[in-house]
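Subject: Handover of a structure and notes on its local features

Dear colleague,

Please find the structure below, together with its sequence. My notes follow it, arranged by topic.

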Amino acid sequence: MELIVTEKDDAARRIADILSEGAASVERRNGVNVYRWGDRRCVGLSGHVVGVDFPPEYSEWRDVQPVELVGADVVKTPTQENIVRTLEELAGAADEAVIATDYDREGELIGKEAHELIESVTDVPTRRVRFSSITQTEVRDAFAHPDDLDVDLAAAGEARQVIDLLWGAALTRFLSLSAGRLGEDFISVGRVQSPTLKLIVDREREIRAFEPDDYWELFADLSAEEAFEAQYFHREDGTETERVWEEGAAEAVHADLSEAGEAVVRSVNRRRRTDAPPEPFDTMAYISAAGSLGLSAQRAMSVAEELYTAGYVTYPRTDNTVYPDDLDPAHLLESFVGHHPFDEDAQTLLDGDVEPTAGDEETTDHPPIHPTGEVPGRQELSDDEWKVYELVVRRFFATVADAAEWEHLKVVSEADDRLLKANGKRLVKPGYHAVYPYGSTAENYVPAVEEGDVLDVSDVRLEAKETQPPRRRGQSRLIEEMADRGLGTKSTRHHTLQKLYDRGYVDGDPPRPTALAMGVVEAAEKFADRIVDEDMTTQLEADMRAIAEGDADLEDVTEASREMLSAIFEDLHDSREAIGEHLRDSMKAARTLGPCPDCGEALLVRRSRQGSYFVGCDGFPDCRNTLPLPNQGEPTVLEETCPDHDMRQVKMLAGRSTFVHGCPRCEAEDADETEDRVIGTCPDCGSDHDGELAIKRLRNGSRLVGCTRYPDCEYSLPLPRRGDIEVTERTCAVHGLPHLHVGDDGDDDPWELGCPICNYAEYRERQAASGVEDLEGVGEKTADKLARAGVESLEDLRGADAEAVADDVQGVSADRIREWQAAVTADAAAGS
């Protein structure tokens, strides 16, 4: 029997379908899908099914000094025992094995791990197949020309695993124990993560230290038959500049232009500019383009990997910007003929010269990201998948399209010895823009005028401005900066950035460091700056590349890393208390909203014994001033401050339901000042105790329809947190309550919520899940993926390990799985 091992179940299913020509059947073994046809079996792993860790005696944080981890042994242990058991069982019956994991450093290591598991059971020949897209042609060709495992490439991946474990575990434990922050609130440190965080913190420091300078700019409308805007400029050392740095000088120019009345055209310059089509997508260019569509770096890569596994695009982790010689662009274009919405553009491109662009980077492992020629229907993909698929297709189209041409027109006029210029541009040949609508094609109209023409001057404007601080780097720009500095790899950078979000170090996009991030970086700089030193991390990355190329040894590189880490602990040895104090102060600052109005001490975000969050005074127990926070989400304190109360605002992190709560005092005071609006009789106690239902605003910002006899009667129905609630004249025939409308500012069509009792009943019916596919956000495709990961029922979901399932189901986060688990638990409790 031939055993084929792939990196994920999706890949196993597709490869089995290709090799068996659709004849493969599937059986479940230990909760794992095994695809079978003839004398072949194909099984998908879940990425790494064994992981590196320290021996059990190092597991208790309080009983082991962090420095002891520097010299500790590193062992491999199964992380997905059911998959390991299945692989070993299949290996016992195998005559040969084929490793078909992804072709990169991580995929080679996963393949080597699978080979070692097979080897522990039986001694059979093992071959390696490599491909850049899971398509009929590439898969069949790869299996026709197998190769050997690249042990050097796998060793580079193993070195990264070991080094990241040593650095992450030892330093994370040291800082967390020093600050007394254990459990889920530990302080995370990483070999690539920490220098990356310093990049973000350093930019924030530049922004905060920036002192703006005042300047002025002037504009006027010029017109003959048509009006257009022109801007004042002057020349300094032969260079045009529009900014005037002295207010008096700006006002003098304004006076001259306002009195001039007319301007004479001194020069008219026309030129054409060629706008070359873009290079093929490498990983960084793809992430940047996907970012402009609203996708985070992590989400962009996750979706691209889904499309790769499905056979629609090539492997998304690549530095290559040159299509390989064996790619026939015309043939690939032909595959889109007859497929909406690409048909017309593909036909047009085929009518011209199909000559692709090329970038400067040419590698031999994977081609640039491009479509494979297998075209899905729109209904087969989710919204994000279609968005990314169309982006990749149109980027390919753009690389074989003609250049665009722009016509530029510059008109310089003079009014009372003051110069005015107007710059126009017009797209005269759309070229690649016709098939790639993601770049700007905005035009600026300036009418045709000639030298010597006299133009009227009107509406002269003087605008006061300030110089601006450097901008925060967006996710794609930050990943480019990481690449430029040698931090991480194309396969890991987006994961590193996501980890900074997950650990509470950054918020928003562009990423902005939290007070905790500032404190951690400051502590590292002060007491052991090599923790955030990018040069050290860059050297380790270079060492791992040397391993992959056969120029360095795994043991030598990991030993050198241990020596670096040991030197860092020598710096930290005598500073533990000082570091702990520094971090505790930083963490307190991260939770501080502002002064308590009752006693002047700090108001902090706190957590009750029951796990709920609230705002409490640091002067407790002498001061018992508190403010409630919303029940949903985890609070993070923002930099924005309420002008009325000098309190920082609060944002509640709740996955896709994240929202800005605002100033807790404002919310509480608004609730205190808002009168309940009675809308009808309470169905629970109205007949016996005259209870009434009213629209209520709570001090934590929530709104509900509740009984006026609360707390004697606890009947309530939820209402949206935001939007103006309108009580209409229409009433519910069943419950006698008025219909409600909820409108947002600027929204012409309010949401017709209807009768609150009927609305809530319908909501509960939608939420009540009888099967996995009934959960909110679980469509047929996601349910299928969950089933292949062993989650076929609500009971399976309730008992599943969220992290393990997320690793096995691309495009679904562990947090999302926990939300579904919470919904299932809540439904079960409501029904009991």
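Where is the place of P711? P711 is found in the loop between β27 (703–707) and β28 (716–719). Please bear in mind throughout that the model is predicted.

Backbone features

P711 is of interest for its peptide bond: Y710 and P711 are joined in the cis form, with omega about 10°. Another cis peptide bond runs from H340 to P341, where omega is near 5°. P341 sits in the loop between α10 (329–334) and α11 (343–350).

Two residues deserve a note for their phi angles. N30 is not a glycine, yet its phi is positive, near 55°. N30 belongs to the loop between β2 (25–29) and β3 (32–37), and its relative accessibility of 29% makes it partly exposed. D459, likewise a residue other than glycine, has a positive phi of about 50°. D459 lies within strand β15 (residues 454–466). With 46% relative accessibility, D459 counts as partly exposed, because the partly exposed class ends at 50%.

Helix α6

Helix α6 (residues 193–209) has 17 residues, for which a rise of 1.5 Å a residue predicts a span of 24 Å. Its end C-alpha atoms are 24 Å apart, so the model agrees with the expected span. The buried residues of α6 are Q193, S194, P195, T196, L197, L199, I200, V201, R203, E204 and I207. They pack against α13 (475–484), α14 (493–502), β16 (506–507), β17 (512–513), α15 (515–527) and α16.

A salt bridge also occurs in this helix: the side chains of K198 and D202 meet at 2.7 Å, N to O. K198 and D202 are four residues apart in α6, which means that about one helical turn separates them. An α-helix has 3.6 residues a turn, so residues three or four places apart point the same way. D202 has a relative accessible area of 24% and is therefore partly exposed.

The pair α16 and α17

Helix α16, one of the elements against which the buried residues of α6 pack, also meets α17. Two packed helices are described by the angle between their axes and the distance between the axes. The axes of α16 (residues 534–548) and α17 (residues 554–572) come within 9 Å and cross at roughly 170°. That angle makes α16 roughly antiparallel to α17, because angles over 145 degrees are classed in this way. On the α16 side the contact is formed by M536, L540, D543 and I547, and on the α17 side by L554, V557, S561, M564 and I568. Of the residues in this contact, seven are nonpolar, one is polar and one is charged.

Salt bridges

How many salt bridges does the structure hold? There are 65 salt bridges in the structure. Side chains of opposite charge can pair when their charged atoms come close. Besides the pair in α6, two further examples may be useful to you.

K465 forms a salt bridge with E217, and their closest N and O atoms are 2.7 Å apart. This pair links distant parts of the chain, since K465 is in strand β15 and E217 is in strand β9 (residues 214–223), 248 residues apart. K465 is partly exposed, with a relative accessible area of 28%, whereas E217 is buried, with a value of 10%.

In the other example, the side chains of R485 and E481 meet in a salt bridge at 2.7 Å, N to O. R485 has a relative accessible area of 28% and is partly exposed, while E481, at 10%, counts as buried.

There is also a network of salt bridges that links E204, R208, R472, R512, E639, E640 and R648. E204 appears in addition among the buried residues of α6.

Surroundings of Y760

Y760 is placed in helix α21 (residues 756–767) and is partly exposed, at 28% relative accessibility. Which residues is Y760 in contact with, leaving aside its neighbours within four places in sequence? They are L717 and P718. Y760 and T592 lie 168 residues apart in sequence, and their C-alpha atoms are 37 Å apart in space.

With kind regards

Definitions and conventions
Residues numbered from 1 in each chain as written. Predicted model: local features only at pLDDT ≥ 70, side-chain atom pairs only at ≥ 80, totals over all residues. Heavy atoms only, no water. Helix = DSSP H or I, 4+ residues; strand = E, 2+ residues; numbered from the N terminus. Buried < 20%, exposed > 50% of the residue type's maximum accessible area, 1.4 Å probe, protein only. Contact = heavy atoms within 4.5 Å. Axes fitted to C-alpha atoms, helices over the stretch in contact; angles between N-to-C directions. Parallel < 35°, antiparallel > 145°, perpendicular 65-115°, else oblique. Nonpolar A, V, L, I, M, F, W, Y, C, P; charged D, E, K, R; others polar. Expected span 1.5 Å × (residues − 1). Salt bridge = Lys/Arg side-chain N within 4 Å of Asp/Glu carboxyl O.
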